[in-house]
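Subject: Structure handover and notes

Dear colleague,

Please find the structure below, followed by my notes on its salt bridges, one polar side chain, its cores and some of its strands.

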Amino acid sequence: MNILSYPKFIRPVISFFLCIISIFLSLGDKPIIPHGKEINMSKFELTWADEFDGDSLDLSKWGAHCFNNGETAVRRGGYWDLKLATVADGNLHIATKFYPEGLDGNGKPGWYTCGIDTKKAFEQKHGYFEVRCILPKGVGQWSAFWMLCDSMSLTENGGKDGAEIDIFESCFYSKEGMARNSVSSNIHINGYGDAHETENVCDALVTANNPYEEFNTYGLEWNEDGYIFYINGVETGRSSFGGVSEVPEWLILSVEVDGADGVPADGWSGPSIENNTEPLTDFVVDYVRAYQYK
């Protein structure tokens with residue numbers, strides 16, 4: 001159910017009942033149903049976008065996240081390599097594949113996928129940030145659309161120094177029933193060491209379309225008061241955890257394999273990726289767009 005598919009006069013009533021249902025779901029540790037306010041796009045203007053209309057990744061907009069020059073690097077239970085990010089038919093595809101001899105026979109056998117970011121090309125403070133995508137199928141791995149900045153590692157001012165803002169993470173494929181069709185929104189502050197703190201803002205159902213077979217949008221409105229998360233233009237949760245980031249941040253698209261040191265393992269995303277009995281599908285992205293307040 002997407003409340004935007006109903007006439008405007010009845011949406012407040014539907015939103016109220018969905019809010020009540022979501023309260024009970026959250027009390028039972030279940031994902032909520034998007035039920036909040038609709039995003040008001042009239043207050044924004046586009047500042048940056050990638051529609052992925054070419055035939056290869058635009059390296060003037062994207063670079064390899066957390067690995068130098070796109071060279072193969074260990075990332076959790078697998079490897080990241082830019083060759084796993086391709087563009088075709090108007091979409092970005094981030095694949096997850098197993099190479100028994102390593103990618104291109106590099107002698108590093110294992111699972112390969114990719115993370116890309118706009119660190120060298122685009123960053124922004126405040127505004128609205130949105131992706132339209134299809135989530136990858138399979139346990140032991142997850143896709144994400146998130147934001148980050150170098151000063152997130154500072155600890156003196158909490159989240160005001162910057163935060164990892166996870167607009168969505170698709171970590172629930174191993175769940176049964178409706179819970180599989182949900183995503184998680186989270187905030188991390190104070191770096192990744194002993195001072196690290198995190199808040200799970202919400203786990204929310206994707207109700208309009210099957211997230212693993214059809215496109216949906218996932219968005220973040222970030223202003224001086226806090227962060228507001230959206231699925232298909234409907235609010236799912238909001239937070240000002242740790243103090244709102246006061247610095248520009250860049251955008252990241254990624255797929256990760258659960259595990260460590262290049263070795264897959266059971267984890268947040270369920271059983272190890274090696275337990276999949278069906279072929280994995282790509283993380284397919286139609287567009288990424290950023291807006292600023294008018």
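R76 counts as partly exposed, because its relative accessibility is 39%, where buried means under 20% relative accessible area, exposed means over 50%, and partly exposed lies in between (1.4 Å probe, protein chains only). Please bear in mind that this is a predicted model, in which local features need pLDDT of at least 70 and side-chain atom pairs count only at pLDDT 80 or more, whereas totals for chains, interfaces and linings use all residues. Residues are numbered from 1 along each chain as its sequence is written, and side-chain values use heavy atoms, with hydrogens and water left out.

R76 forms a salt bridge with E256, the closest N and O atoms being 2.7 Å apart; a salt bridge here is a side-chain nitrogen of Lys or Arg within 4 Å of a carboxyl oxygen of Asp or Glu. This pair links distant parts of the chain, since R76 sits in the loop between β3 (73-75) and β4 (78-80) while E256 belongs to strand β18 (residues 250-257), 180 residues apart. Helices (H or I, at least four residues) and strands (E, at least two) are DSSP runs, numbered from the N terminus. In contrast to R76, E256 is buried, with a relative accessible area of 4%, and a network of salt bridges links R75, R76 and E256.

By the rule above, the count comes to nine salt bridges. One of them joins the side chains of K43 and E221, with N to O at 2.9 Å. K43 lies in the loop between α1 (11-27) and β1 (44-50) and E221 in strand β15 (residues 216-223), so this pair ties together parts that are 178 residues apart in sequence. K43 counts as partly exposed, at 32% relative accessibility, whereas E221, at 3%, counts as buried.

A salt bridge is also found between E51 and R289, whose closest N and O atoms are 3.0 Å apart. Because E51 lies in the loop between β1 and β2 (63-64) and R289 in strand β21 (residues 283-293), the pair ties together parts that are 238 residues apart in sequence. E51 is partly exposed, with a relative accessible area of 27%, and R289 also counts as partly exposed, at 23% relative accessibility.

Turning to a polar side chain, what surrounds Q124? Q124 is placed in the loop between β9 (115-117) and β10 (127-134) and counts as buried, at 9% relative accessibility. Its side chain is joined to that of T47 by a polar contact of 2.8 Å, a polar contact being a pair of N or O atoms within 3.5 Å, where, within protein, one must be able to donate a hydrogen and the other to accept it, and residues adjacent in sequence count only if both atoms are side-chain atoms. The side chain of Q124 also reaches the backbone oxygen of H126 at 2.8 Å. Leaving aside residues up to four places away in sequence, Q124 touches T47, F129, M147, W222, P248, E249, Y291 and Q292, with contact meaning heavy atoms within 4.5 Å.

As for the cores, the largest nonpolar core has 55 residues, and those with the most contacts inside it are L92, L253 and V288. A nonpolar core is a set of buried Ala, Val, Leu, Ile, Met, Phe, Trp, Tyr and Cys residues joined through side-chain atoms within 4.5 Å. β21 gives the most to this core, with four residues. Apart from it lies another core, of ten residues, among them W142, L148, F172 and I252.

Finally, some notes on strands, where two strands pair if DSSP finds at least two bridges between them. Strand β13 (residues 182-189) is mostly covered, as eight of its eight residues are buried. S182, S184, N186 and H188 point one way from β13, and V183, S185, I187 and I189 point the other way. Four bridges join β13 to strand β12 (residues 164-169), the two running antiparallel, and D166 has N186 in β13 as its bridge partner. With strand β14 (residues 197-205), β13 pairs in the antiparallel sense over eight bridges, where the bridge partner of S184 is D203.

Best regards
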